[in-house]
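Please load the model in your viewer and keep the selection panel handy. We will begin with the whole chain and then stop at a few chosen places.

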Amino acid sequence: MFMKILVVDDNPINLTIVRNHLEDLPGITDIFICKNPKEVKAIVDDNAIDILILDIIMPDISGLELLKLFRSDDRYNNMPTIMLTSLDDTASYKECFELGAFDYITKPINGMEFKSRLKVAIESKINSNKLQRLVAVTQEQNEELKEMNARLTEAEFQLVQSEKMAAVGQLAAGLAHEINNPMSYVSSNYEFLKKYFLRVSDFLHYIDQRLRPSSPYQNKDALWEAASEVIARYDAYQINLILDELQNILSDSEEGIHRVTKIVQSLRVFTRSVKDDEKSSYDLLDLFHQVFLISKNEVKYVANVEIDVPDDIILYCNGVQIAQVFVNILVNAAQAIKSQKRYNMGTIRVVAKQAGPDIMIRFEDDGPGIPKENLSKIFEPFFTTKEIGKSTGLGLSISYDIIVNKHNGSINVKSEYGHGSVFTIILPMVST
């Protein structure tokens with residue numbers, strides 16, 4: 001896929017540096033340069049820009065103001081925006097991501113880091129476009145899924161734009177894969193339905209013409225002859241076999257649509273727009289099942305997931321935020337196991353139980369574990385052991401904030417390098 005990228009900076013030297021780096025990247029067809037932030041929206045609209053790179057500090061209109069402008073309009077939901085600035089403080093990072101920035105690059109620009117982050121943005125854009133096309137096909141196949149598919153598109157965008165959801169590009173691609181499988185045989189069955197409909201329709205028209213002539217039958221022999229011809233046509237058209245096959249086709253199609261519906265419905269916990277302090281009651285086991293369904297494609301090839309959660313635990317919480325924490329820990333565990341390149345499947349075990357007025361939730365994995373020197377840092381903002389461009393290091397710090405500050409709970413990790421990790425979350429059953 002070919003990309004159109006717009007770079008906005010009031011400094012001509014920075015524009016030249018960025019252009020030179022972009023010209024080294026494959027797949028970029030057009031590079032637009034802009035020194036006047038007032039012209040940005042017109043350039044984006046006129047040229048269908050794929051990725052936007054904004055300097056934060058500019059005269060007249062700042063990069064943050066432009067970011068707010070684009071994020072307030074749903075038409076630009078699918079346009080990753082990367083902030084470019086010499087600011088290097090935690091508050092600036094946080095503000096950018098809270099406003100919906102895809103990534104954040106500091107100046108002076110490191111060429112290797114810049115190219116790595118742009119490759120991630122391009123890959124995310126490609127995955128996002130693929131999923132949007134898949135949603136469009138799904139809408140054509142079954143109109144009843146139209147509303148759900150719209151939510152899926154919105155949810156996919158939120159995944160691509162937010163590190164809170166972790167493994168952004170991989171999760172989006174996984175969702176597309178999980179939906180594509182059932183929709184493939186629904187589409188195939190549809191072709192058979194059209195074929196059988198035409199045959200049955202032709203047979204019924206024949207019956208109408210043969211048994212309801214313009215003048216009544218004169219005797220029983222003539223009527224019997226007509227009935228015999230209808231029976232012969234019934235056998236020739238294999239109507240009995242068609243009816244049996246239709247039953248199987250409808251059953252398979254119903255199963256496929258049900259699978260897609262479950263996936264889309266599970267996204268509701270992630271697509272709901274809620275305030276930080278908005279809480280309601282959630283069935284904890286059901287929440288885990290929804291989280292696993294969203295993360296399934298990321299996990300199923302590397303680890304078996306064992307869920308030991310009683311079906312009677314009700315948690316009063318912000319479901320969107322708690323689900324983000326669960327997804328982050330689950331995907332991190334899967335990626336750690338995957339990094340071992342082992343021949344056998346790993347194991348991720350989720351255990352929950354009530355402990356007095358609290359709920360204890362434990363995530364155990366048999367992955368590579370965490371080095372001792374990193375244990376005290378993993379909840380710090382921007383700390384990551386992954387390659388440049390693979391993570392901003394916000395996932396676990398956001399998880400800590402959600403659990404500790406927003407839900408009055410606690411989260412800790414125990415790990416022995418080479419012997420897996422255990423994340424333990426304690427949440428009050430009723431948090432205020």
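Helices here are DSSP runs of H or I with at least four residues, strands are runs of E with at least two, and both are numbered from the N terminus. Counted that way, the protein chain has 14 helices and twelve strands. Bear in mind as you look around that this is a predicted model.

**Whole chain.** Select everything and colour by accessibility: 47% of the 432 residues count as buried. Then switch on the surface, where about 22200 Å² is accessible and carbon and sulfur atoms contribute 51% of that area. For the contacts, consider pairs with a separation of 6 or more: 71% of them join residues 24 or more positions apart.

**Helix α9.** Next, select residues 239–266, which make up helix α9, and pick out Glu245 within it. Is Glu245 buried or partly exposed? Its relative accessibility is 34%, so Glu245 counts as partly exposed, a class that runs from 20% to 50%. Now add Asp244, Asp252 and Glu255 to the selection: together with Glu245 they form a negative surface patch.

**Helix α5.** Move on to residues 111–141, helix α5, and centre the view on Ser128. Why does Ser128 count as buried? Because its relative accessible area is 1%, and the limit for buried is under 20%.

**A last distance.** Keep Ser128 selected and add Met79, which lies 49 residues away along the chain. Draw a line between the two C-alpha atoms, and your viewer should show a separation of 9.6 Å.

Notes
Residues are numbered from 1 along each chain as its sequence is written. This is a predicted model: local features need pLDDT of at least 70, side-chain atom pairs count only at pLDDT 80 or more; totals for chains, interfaces and linings use all residues. Side-chain values use heavy atoms; hydrogens and water are left out. Buried means under 20% relative accessible area, exposed over 50%, partly exposed in between (1.4 Å probe, protein chains only). Contact means heavy atoms within 4.5 Å. Accessible areas come from the Shrake-Rupley method with a 1.4 Å probe; for residues, only the protein chains shown count as cover. Patches are made of residues with over 30% relative accessible area and no salt bridge: like charges are joined within 9 Å, nonpolar side chains (Val, Leu, Ile, Met, Phe, Trp, Tyr) within 5 Å. A salt bridge is a side-chain nitrogen of Lys or Arg within 4 Å of a carboxyl oxygen of Asp or Glu. Lys and Arg count as positive and Asp and Glu as negative; His and the chain ends are not counted. The place of a charge is taken as NZ of Lys, CZ of Arg, CG of Asp or CD of Glu.
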